[in-house]
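Trainee: I have a model open on my screen and would like to go through it with you. Could we start with the packing and then move on to the ligand?

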Amino acid sequence: MDIIVRDNYEKMSRYAAEIIAKCIKSKPDCVLGLATGGTPIGTYKELIRMHKQGLDFSQVKTFNLDEYLGAGIDLGKPYDLDQSYARFMYEELFKHINIKKENTHVPDGLSKEPEKFCQWYEDEIRKAGGVDIQLLGIGGDGHWAFNEPGSSLSSRTRIEPLTKQTLDDNYESFYKKAEIKREQMPHFAITMGIETILEARHVLMIANGKKKAKVIAKALEGPITSQITASAIQLYNGKATVVLDQDAASELKNIEHYRHVEKLKLDYKLGSVSLH
Ligand code: F6R
């Protein structure tokens, strides 16, 4: 696992966006796994900037991690006070780039048969050839997607009840500004499972701010546990990159080692150190 620390949110976002852009350039029809929330907004801004300079999304496919049950929009149609993740993706990324609507997938929170939908979603990811890069944030309770504490580390896409902490966090950052009452916000979500996430070929986790420092330290340096589902990153056998700002990295015990490894890898790439 590569743990990369950048000075601030902007630099963290740029680093993450560059990894995604590199993937798109080397494989124009790549499959991106995408996240919502406050953390990836800067990464999406960077990708939009790169698109204006020619980054082509015309063949890219996307699958989002999760959606509130009872929320969803038909992308591009008018909506009022819609707080779905589908709307978020449309506003923060999709409407600004040349991605085809039919290539974007956000779990359908309005599905009449959500359990069947979960299986369909898994099948669609498989049919698309699997996820090349999965972008992830981390919840205050250590969740990846909406895999709340106690979720099996081998879980698949399913319906998950949200914890009080997630409801509180997301109410503050998402629902409150739409003047929706706390008790009116959805209490369940459709979420990719941990095992679904770990099937991606590259897992890219980002986190910023002091608020995330403790949970990042637990996920990266603590025991692997279903109580902090993001700790499953330690089990992951593919390429894993964690990009943090200084604040989110501030509780890591082995920070000096991670900096050393980053420098060593760069020196190796530049040819100034060899393996012997
Ligand atoms: C969103 C998602 C969540 C968020 C997490 C952090 O699609 O999967 O796990 O990544 O709740 O949210 P923010 O970025 O708002 O702190």
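Trainee: Which residues does H202 touch, not counting residues up to four places away in sequence?

Mentor: Happy to help, and a word on the basis comes before the list. This is a predicted model, in which local features need pLDDT of at least 70 and side-chain atom pairs count only at pLDDT 80 or more, while totals for chains, interfaces and linings use all residues. Residues are numbered from 1 along each chain as its sequence is written, and side-chain values use heavy atoms, with hydrogens and water left out. Taking contact as heavy atoms within 4.5 Å, H202 touches I19, D132, I133, Q134, Y236, K239, A240 and T241.

Trainee: Is H202 buried or exposed?

Mentor: H202 lies in strand β9, residues 202-207; helices (H or I, at least four residues) and strands (E, at least two) are DSSP runs, numbered from the N terminus. Buried means under 20% relative accessible area, exposed over 50%, and partly exposed in between, with a 1.4 Å probe and protein chains only. H202 has 9% relative accessibility, so it counts as buried.

Trainee: How far apart in space are V203 and K239, C-alpha to C-alpha?

Mentor: V203 is also placed in strand β9, and its relative accessibility of 0% makes it buried. Leaving aside neighbours within four places in sequence, V203 is in contact with residues including W144, I233, Y236 and K239. V203 and K239 are 36 residues apart in sequence, yet their C-alpha separation is 6.4 Å.

Trainee: What separation do the C-alpha atoms of M12 and V242 have?

Mentor: M12 sits in helix α1, residues 9-26, and counts as buried at 0% relative accessibility. Beyond four places in sequence, M12 touches R6, T39, I206, A207, N208, V243, L244 and D245. M12 and V242 are 230 residues apart along the chain, and their C-alpha atoms are separated by 9.8 Å.

Trainee: Which residues is F57 in contact with, leaving aside its neighbours within four places in sequence?

Mentor: Look in the loop between α2 (41-52) and β3 (61-64), where F57 has its place. F57 is buried, with a relative accessible area of 1%. Its contacts beyond four places in sequence are I24, L47, H51, I97, N98 and I99.

Trainee: What covers the buried residues of α7?

Mentor: Helix α7 spans residues 213-221, and its buried residues are A213, V215, I216, A217, A219 and L220. As a reminder about helices, an α-helix has 3.6 residues a turn, so residues three or four places apart point the same way. The cover over the buried residues of α7 includes β1, β9, β10 (239-245) and α8 (246-249).

Trainee: Why is there no bond between the sulfur of C23 and the closest cysteine sulfur?

Mentor: A disulfide is a covalent bond between the sulfur atoms of two cysteines. The search counts a pair of cysteine sulfur atoms within 2.5 Å as a disulfide, and across the whole structure it finds zero. C23 is buried at 13% relative accessibility, but the closest cysteine sulfur, in C30, is too far from the sulfur of C23 for a bond, at 3.8 Å.

Trainee: Now for the ligand: how many residues surround it, and which are the closest?

Mentor: A residue counts here if one of its heavy atoms lies within 4 Å of the molecule. By type, the shell around the ligand divides into four nonpolar, seven polar and two charged residues; Ala, Val, Leu, Ile, Met, Phe, Trp, Tyr, Cys and Pro count as nonpolar, Asp, Glu, Lys and Arg as charged, and the others, Gly among them, as polar. In total 13 residues surround the ligand, and the closest are T39, D66, H143, A145 and K212.

Trainee: What percentage of the area exposed by the ligand taken alone does the protein bury?

Mentor: Start with the oxygen atoms of the ligand: one is 2.6 Å from an N or O atom in the side chain of K212, and one is 2.7 Å from a polar side-chain atom of D66. An oxygen atom of the ligand is also 2.8 Å from a polar backbone atom of G38. Taken alone, the ligand exposes 410 Å² (Shrake-Rupley method, 1.4 Å probe), and the share that the protein buries is 90%.

Trainee: What is the phi of A145, one of the residues closest to the ligand?

Mentor: A145 is found in the loop between β6 (133-136) and β7 (158-161). A145 is buried, with a relative accessible area of 8%. Although A145 is not a glycine, its phi is positive, at about 50 degrees.

Conventions:
Polar contact = N/O pair within 3.5 Å; in protein donor to acceptor, adjacent residues only side chain to side chain.
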